[in-house]
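Student: Could you walk me through how to read this structure, feature by feature?

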Number of protein chains: 2
Amino acid sequence: MDNKPKYQVVKEKIISDIKVKDLKYNDPIRSELDMMDLFKVSRHTIRRAIADLVNEGWLYRQQGKGTFVDNPEGLKNGTGKSVGVITTYINDYIFPEIISGIEHRISEEGYSMLLGNTNNDIAKERQILTNMMNSKLSGLIVEPTKSVFPNHNKDLYDQLLAKGIPVLFIHACYGNIQTSFIIEDDIKAGYIATKYLIDQGHKFICGIFKQDDMQGHGRYEGYLKALREADLPIDDFRIVWYTTETKKLVLEQFKNISLEKLKEQGTGYVIYNDQIANSFIQKMTEGGVSIPEDLSVVSFDNASIAKNGPVQLTTIAHPKRELGVEAASSLIKLMSKEVTMIKKKFEPELIIRNSVSKLVE
Amino acid sequence: MDNKPKYQVVKEKIISDIKVKDLKYNDPIRSELDMMDLFKVSRHTIRRAIADLVNEGWLYRQQGKGTFVDNPEGLKNGTGKSVGVITTYINDYIFPEIISGIEHRISEEGYSMLLGNTNNDIAKERQILTNMMNSKLSGLIVEPTKSVFPNHNKDLYDQLLAKGIPVLFIHACYGNIQTSFIIEDDIKAGYIATKYLIDQGHKFICGIFKQDDMQGHGRYEGYLKALREADLPIDDFRIVWYTTETKKLVLEQFKNISLEKLKEQGTGYVIYNDQIANSFIQKMTEGGVSIPEDLSVVSFDNASIAKNGPVQLTTIAHPKRELGVEAASSLIKLMSKEVTMIKKKFEPELIIRNSVSKLVE
DNA sequence: AATTATTTGTGCGTATGTATC
DNA sequence: AGATACATACGCACAAATAAT
């Protein structure tokens, strides 16, 4: 005997009927009374079956009129698989590349991409997370907002993980959440950048770092490591920290400082990223200081402006589009439960261009 | 008397109970038998109420165990409002700006953004549309793929419109679909660009245009209009057409042509966009031809590369982030049924930089 | 314009099956 | 093994919306 419940059998018969008769949107199906006779079950059972199908998006009912086909595919609104992607910015810098990489891979697998950007604002991150969680998410890729701080939205991330929705962090991860991540080796990157300046004969090396994300701290750590290894001086006055909020203000400080005073402080600069490096160079140029003739600069990310800006920047590259593709591929593995945890670091690579000059004594 | 159905009353009592007792995920609620006594209704009515609440995402049931709180907010997966955005590219050029503008405005209203890119491929457009339509879309913004051709996905767009989901095209719109759009006045843009070269004394003006989208055709039309008005020669050999697929090939043609021959053809170039203009200039530079000394160039879009590239491009600006914000605002109006149709054109603006030289006789 | 038949919606009672503790 | 909880299933009655007469 068939151990299927009767309402299940009725459901299947109704669906097969829709397909056999090739019924379209708004076409009527048989009445409940008809089906009672036809399937020899009670009205209750028929209604139970129809209720399910309404819920699944196959049918809709109208009192006094009848029951009609809604979506002949049985696809309910909200049935589509989608993956959330949250980054700090969309339009700036290296993010378009990363996002494009994710979209490319994710759409290959039939997912749509839900995209939100936080502008590096914790409240916005919470708002986007809340919005997205009300959608049917299959997985989530997050570039953390202000990753040095313990995450304010831990409750939401925990809720996602509790529901079995995998979360993958890129670029950095919050200290207080245990999840998968794909990051670059920022410490090594900072080390390589600084080491290159040292190898080019620079003895006094300044640093400009971002205070409120993990990359800034990692690159700073690598910078310290290289200086310590070479027995070069590490001094607070050579290190400038900025945050999302104080960026402009901090850069303004570099206006109208005499070349002598600058050279006293240091001849080489390790700068948090290509964007800041470009702004720094612009400020210097305005003050009559030339890069790389007067000061040398190494920055990070190998963004397009590193190649196309006023000065061709020597910079530490890490994957952008590939990072996106890799993140998407990893998330797909996590969603398929093939693996439960992914921790991956990309190796940084030095790209030598024209923002560093060799010092000879 | 209260005319609400009893099951509705029971539903509300259960919900208020969850809120009053501040019940969380996995907390049990009263059993069906308990509630029969408590609310003085039949078991059927209780079950009907619970079935509804399960469906809405408030509760889940487990046979033999009980009924438990699922989401204390009552939000079902797929309840979140989202807006689809389909563009040809995400990472290139002016699109990050536009997308960012849309995201900004849309998230203010509590929507999430579903993003897909077609790489100017009709099949990919169809795939993305299908994916998105299975999600719960409140509205859709589309930058058309190959907009000169009649749209291959008309059936899907029609289906969306039939379901009352507004569709807004940006940049261009398909000829065979009647929907809202926000575009720039491409004909005027082409006219202004060409007119500027004429005003600077150029008599023989070449054009490089994109064949497979409406913008290319519009700009070409404006180019013709300006030449005709000034009684200047219009010749096929001065006009180069390319498509997404033949872009590289066509640009390759400009390699190694002697300056004399080039000048014979024309001294001014109207070029489809800043990106192509930049590639063109690069090819010229490789061949020893200088811009603007030897040849003058006017292009379109005022992308960031127009300002930051090797040659500062004189270009026709149109709004980018503002276009995104405006598109989002318009879609919000369409979704609220405040209006049913929006047709808007942005005025182009000439940005004079350094890629055109004045010819004196 | 009122009536009637049809169709879905609400609601109760009862019985039996099955999973969990 | 027994109590408890939800699941399936039948039957009945009346209400409300719709369409046709």
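Tutor: We will take the symmetry, the chain contact, the DNA surfaces and two helices in turn. This is a predicted model, in which local features need pLDDT of at least 70, side-chain atom pairs count only at pLDDT 80 or more, and totals for chains, interfaces and linings use all residues. Residues are numbered from 1 along each chain as its sequence is written, while chains are lettered from A and ligands numbered from 1 in the order in which they are written.

Student: What rotation superposes chain A on chain B?

Tutor: Copies are superposed by least squares on the C-alpha atoms of residues with pLDDT of at least 70 in both. Here the rotation is 179°, with 0.5 Å of shift along its axis and an RMSD of 0.7 Å. That is the relation of a two-fold axis. In chain A, the C-alpha of A:L114 is the one nearest the axis, at 2.0 Å.

Student: And how many residues does each chain bring to the contact?

Tutor: Two residues are in contact if their C-beta atoms, placed from the backbone, lie within 7 Å. Chain A gives 31 residues and chain B gives 32 residues. On the chain A side, α4 (95-108), β4 (112-117) and α5 (122-133) each supply at least two residues; these elements are DSSP runs numbered from the N terminus, helices being H or I of at least four residues and strands E of at least two. That side divides into nine nonpolar, 19 polar and three charged residues. For these classes, Ala, Val, Leu, Ile, Met, Phe, Trp, Tyr, Cys and Pro count as nonpolar, Asp, Glu, Lys and Arg as charged, and the others, Gly among them, as polar.

Student: Which way do β4(A) and β4 of chain B run, and how many bridges join them?

Tutor: Two strands pair if DSSP finds at least two bridges between them. β4(A) and β4 (residues 112-117) of chain B run antiparallel, joined by three bridges. A:M113, for instance, has B:L115 as its bridge partner in β4(B).

Student: Which residues are closest to DNA strand C?

Tutor: A residue is near a strand if its C-beta atom, placed from the backbone, lies within 6 Å of it. Of the 19 residues that surround DNA strand C, the closest are B:P5, B:K6, B:S42, B:T45 and B:G64. Both chains take part: α2 (32-39) and β2 (66-69) of chain A, with α1 (6-20) and α3 (43-56) of chain B, give two or more residues. α3(B) gives the most, three residues.

Student: What surrounds DNA strand D?

Tutor: There are 20 residues around DNA strand D, and the closest are A:P5, A:K6, A:T45, A:G64 and B:E32. α3(A) gives the most to this surface, with three residues. By class, the surface has four nonpolar, 11 polar and five charged residues.

Student: Is α4(B) enclosed or open?

Tutor: A residue is buried if 20 or more other C-beta atoms lie within 10 Å of its own, exposed if 12 or fewer, and partly exposed in between, with C-beta atoms placed from the backbone. In α4(B), 12 of the 14 residues are buried, so the helix is largely enclosed by the rest of the structure. Among them are B:F95, B:I99 and B:R105. B:G110, which follows α4(B), has a positive phi near 85°.

Student: What covers the buried residues of α8(B)?

Tutor: The cover includes α7 (186-199), β8 (205-210), β10 (268-271) and β11 (296-301) of chain B. Just after α8(B), B:D231 takes a positive phi of about 55°.
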